[in-house]
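Q: I should like to learn how the features of a protein model are read, one at a time. Could the tutorial start from the structure itself and then take up the terms as they are needed?

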Amino acid sequence: MLSTSSPAANSHTMERNAEDRRARIARLDRLADTLDTRFRIFGIPVGWDSILGLIPGVGDVVTAGPGAIMFYEAHRIGARKRAKMKIAANTGIDMLIGGIPLVGDLFDVVFKSHRRNIEILKQELERIETAEQTERARL
């Protein structure tokens, strides 16, 4: 079936999709800040991930949810398999080591898996948008 939409209409749709992707990543960026760097204790940035991690067995499971959401978003924007695997590894490491009493709590303060994941998402988004701009320029 042939497309009857004009190149201008396709460009508008691509721009709207790019705006939607950027808005979703921005929301996840704010969530990552809340989970990893929302507060300062003795000058050290901590977030709800570190605080909830003090609750044995509950905190790390609860804060793995946003990691899963970031993985889903990576898939949704078309991130490379390598990027998705890094996000999954960061989330898994955070959950596994974070579940160890005391050691895991200190690890959560330092590792900041959600900040790591959002940086991966931002890099992938930039790569994808650059490729789209290159493709539009070729047309």
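A: Let us begin with a term needed throughout: a residue is called buried when its relative accessible area is under 20%, exposed when it is over 50%, and partly exposed in between. The model shown here is predicted. Asp29 has a relative accessible area of 17% and therefore counts as buried.

Q: What share of the 139 residues in the protein do buried residues make up?

A: Buried residues account for 35% of the 139 residues. As for the surface, the protein exposes about 8,800 Å², and 64% of that is supplied by carbon and sulfur atoms.

Q: Which secondary structure elements does the protein have, and in what pattern along the sequence?

A: There are six helices and two strands. Their pattern along the sequence is α-β-β-α-α-α-α-α. On contacts, one may take those between residues at least 6 apart in sequence; in this protein, 65% of them join residues at least 24 apart.

Q: How is a single helix read, with H4 as the case, and what length does H4 reach?

A: One compares the span with the expected rise. Helix H4 covers residues 81-98, which is 18 residues, and reaches 25 Å from its first C-alpha to its last; this is close to the 26 Å expected at 1.5 Å a residue.

Q: Which residues of H4 are buried, and where do they fall around the axis of the helix?

A: The general idea is that an α-helix has 3.6 residues a turn, so residues three or four places apart point the same way. In H4, the buried residues are Ala83, Lys84, Ile87, Asn90, Thr91, Asp94 and Gly98. Seen down the axis of H4, these buried residues fall within an arc of 125°, so they line one face of the helix. The face turned away from the buried side carries the exposed residues Lys81, Arg82 and Leu96.

Q: What covers the buried residues of H4?

A: The cover includes four helices: H2 (48-52), H3 (59-77), H5 (103-111) and H6 (113-138).

Q: How is one buried position examined, with Thr63 as the case, and what is Thr63 in contact with?

A: One takes its burial, then its partners beyond the neighbours in sequence. Thr63 lies in helix H3, and its relative accessible area of 3% makes it buried. With neighbours within four places in sequence left aside, Thr63 is in contact with Leu35, Trp48, Asp49, Leu52 and His114. Thr63 and Thr91 are 28 residues apart in sequence, while their C-alpha atoms are 9.0 Å apart in space.

Q: Is His114, a partner of Thr63, buried or exposed, and what else is His114 in contact with?

A: His114 belongs to helix H6 and is buried, at 1% relative accessible area. Leaving aside neighbours within four places in sequence, the contacts of His114 include Ala32, Leu35, Asp36, Asp49 and Thr63. Also among them are Pro66, Gly67, Met70 and Asp94.

Q: How are salt bridges read, and how many are counted here?

A: In general, side chains of opposite charge can pair when their charged atoms come close. The count for this protein is 12 salt bridges. One of them joins Lys122 and Asp29, whose closest N and O atoms are 2.9 Å apart. This pair links distant parts of the chain, with Lys122 in helix H6 and Asp29 in helix H1 (residues 7-36), 93 residues apart. Lys122 is partly exposed, at 30% relative accessibility.

Q: Which residue forms a salt bridge with Asp33, and where do the two lie?

A: Asp33 pairs with Arg115, the closest N and O atoms being 2.9 Å apart. Asp33 is in helix H1 and Arg115 in helix H6, so this salt bridge ties together parts 82 residues apart in sequence. Asp33 is partly exposed at 33%, whereas Arg115 is buried at 16%.

Q: What other salt bridge does Arg115 form, and which residues are joined into one network?

A: Glu119 also forms a salt bridge with Arg115, with closest N and O atoms 3.3 Å apart. Both residues lie in helix H6, four residues apart, about one turn of the helix. Glu119 has a relative accessible area of 36% and is partly exposed. Through shared partners, salt bridges join Asp29, Asp33, Arg115, Glu119 and Lys122 into one network.

Q: Which residues make a nonpolar surface patch?

A: Ile55, Val58 and Val62 make a nonpolar patch of about 240 Å². Val58 sits in the loop between H2 and H3 and counts as partly exposed, at 43% relative accessibility.

Methods:
Residues numbered from 1 in each chain as written. Predicted model: local features only at pLDDT ≥ 70, side-chain atom pairs only at ≥ 80, totals over all residues. Heavy atoms only, no water. Expected span 1.5 Å × (residues − 1). Buried < 20%, exposed > 50% of the residue type's maximum accessible area, 1.4 Å probe, protein only. Arc of directions from axis to C-beta. Contact = heavy atoms within 4.5 Å. Patch = residues over 30% accessible without salt bridge, like charges linked within 9 Å, V, L, I, M, F, W, Y side chains within 5 Å. Areas by Shrake-Rupley, 256 points an atom, 1.4 Å probe, with all protein chains shown as cover. Salt bridge = Lys/Arg side-chain N within 4 Å of Asp/Glu carboxyl O.
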